[in-house]
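Visitor: Please pick one part of this model and take me through it closely. After that, I would like to see how other parts of the chain are held in place.

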Amino acid sequence: MILPNNKTKKYISISSNPGNTGSYFHNTLFKKFNLNNIYIPCKITNLNLVKKFLLNFQISGCSVSMPFKHGITKFLDRKDKTVKITSNTNTILIRKNKLIGFNTDFIAAKIILKKVNIKKDVLLLGDGAVARTIYVALKDLKFNKIHLCSRKKRYKNWKLNKNTTVLNWNDREEYIFNLLINATSIGMKDKDSFPMSESNLKFCKIIFDLVINEKTKLKKFADKYKISYISGKEFSFFQAYEQFKIYTSINVNRTKIKKILKYNF
């Protein structure tokens with residue numbers, strides 16, 4: 001094991017409520033590939049100080065989580081095409097005092113949604129940065145009849161196409177959907193909370209839940225009714241895998257990485 005020293009490359013994540021998922025992912029792989037790198041989750045409250053912090057402390061890379069994925073974009077010096085089309089950033093690479101932004105959430109969403117064989121009648125719950133990124137992926141993959149729904153309906157700056165309808169929160173129970181995408185925090189803190197009524201949801205064919213906790217009521221419901229379930233853990237893996245490649249330029253196939261991390265989907 002390499003102990004931190006004056007040549008150690010420092011990577012951080014920024015969030016209002018940081019978790020340990022990214023830390024486990026990256027530090028495990030740094031150790032496995034014998035890299036002199038370290039990854040530390042950081043709680044921040046003032047986004048305006050982040051760029052100065054990254055440069056002053058010679059941070060090599062930064063993962064961006066809620067609620068900063070949209071706001072951080074204005075501080076970038078360069079934007080990857082994934083940032084340009086989604087207006088969100090979840091990965092920053094710092095090179096020669098320049099902040100280069102990427103959105104690996106978009107790549108992860110496309111990897112998962114390409115596997116979905118039902119392209120019609122989608123309900124996307126949520127209006128945050130990840131929901132917006134997933135919506136762009138849905139459009140890019142030519143999904144049809146997309147319905148957006150959230151409590152606050154913050155879709156003003158979204159580029160909605162003609163195949164998209166915005167529903168009131170209370171109206172989501174009036175329709176039957178083939179694909180439900182839960183991009184809200186429902187189920188994140190209270191694993192027994194539920195995004196829709198069971199009587200409506202049982203007609204769904206696929207549930208894509210962005211919540212990483214796989215012991216939620218929604219997961220148990222999907223198992224009970226034999227509904228295909230895609231977990232937030234899988235989404236998290238794909239976006240972190242793409243981050244790791246950006247940070248290290250190491251391109252190892254996903255199967256090997258899953259074995260190293262002992263991930264089983």
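Guide: We will start with the whole chain, look closely at its last helix, and then visit a few other spots.

A word on the ground rules: this is a predicted model, in which local features need pLDDT of at least 70 and side-chain atom pairs count only at pLDDT 80 or more, while totals for chains, interfaces and linings use all residues. Residues are numbered from 1 along each chain as its sequence is written, and side-chain values use heavy atoms, leaving out hydrogens and water.

First, the overall picture. The chain has 9 helices and 12 strands; helices (H or I, at least four residues) and strands (E, at least two) are DSSP runs, numbered from the N terminus. Along its principal axes, the C-alpha trace spans about 60 × 40 × 30 Å. The radius of gyration is 19 Å, which agrees with the value near 18 Å for a compact globule of 265 residues. That radius is taken over C-alpha atoms, and the globule rule is 2.2 Å times the number of residues to the power 0.38. Of the 265 residues, 51% count as buried. Here, buried means under 20% relative accessible area, exposed means over 50%, and partly exposed lies in between (1.4 Å probe, protein chains only).

Now for the close look, at helix α9, which covers residues 254–261. Within α9, I257, I260 and L261 are buried. Seen down the axis of α9, these buried residues fall within an arc of 90°, so they line one face of the helix. The arc is that of the directions from the helix axis to the C-beta atoms. A general point helps here: an α-helix has 3.6 residues a turn, so residues three or four places apart point the same way. What covers the buried residues of α9? Their cover includes α1 (21–32) and α8 (232–248).

Both ends of α9 have something to show. At the N-terminal end, N253 acts as a cap, with a side-chain oxygen 3.1 Å from the backbone nitrogen of T255. Just after α9, K262 takes a positive phi of about 60°.

Let us move on to charged pairs. Side chains of opposite charge can pair when their charged atoms come close. A salt bridge is a side-chain nitrogen of Lys or Arg within 4 Å of a carboxyl oxygen of Asp or Glu, and by this rule the count comes to 8 salt bridges. One of them joins K51 and D77, whose closest N and O atoms are 3.2 Å apart. K51 lies in helix α2 (residues 50–56) and D77 in the loop between β3 (59–64) and β4 (78–79), so the pair ties together parts that are 26 residues apart in sequence. K51 is partly exposed at 24% relative accessibility, and D77 is partly exposed at 34%.

Another salt bridge brings together the side chains of K110 and D140, at 2.4 Å from N to O. It links helix α4 (residues 104–113), home of K110, with helix α5 (residues 129–140), home of D140, and the two residues are 30 residues apart. D140 is partly exposed, with a relative accessible area of 40%.

R154 and D127 also meet in a salt bridge, at 3.0 Å from N to O. R154 sits in the loop between β8 (144–149) and β9 (164–167), and D127 in the loop between β7 (120–125) and α5, so this pair ties together parts 27 residues apart in sequence. D127 is buried, with a relative accessible area of 12%.

Strand β8 itself holds I146. Is I146 buried or exposed? At 0% relative accessibility, I146 counts as buried. Leaving aside neighbours within four places in sequence, I146 is in contact (heavy atoms within 4.5 Å) with residues including V122, Y135, L138 and T164.

Our last stop is T8, in the segment before β1 (9–15). T8 is buried, at 10% relative accessibility. A polar contact of 2.8 Å joins the side chains of T8 and N36. Such a contact is a pair of N or O atoms within 3.5 Å; within protein, one must be able to donate a hydrogen and the other to accept it, and residues adjacent in sequence count only if both atoms are side-chain atoms. A polar atom of the T8 side chain also lies 2.7 Å from the backbone nitrogen of N5. Not counting residues up to four places away in sequence, T8 touches L3, N36, N37 and I38.
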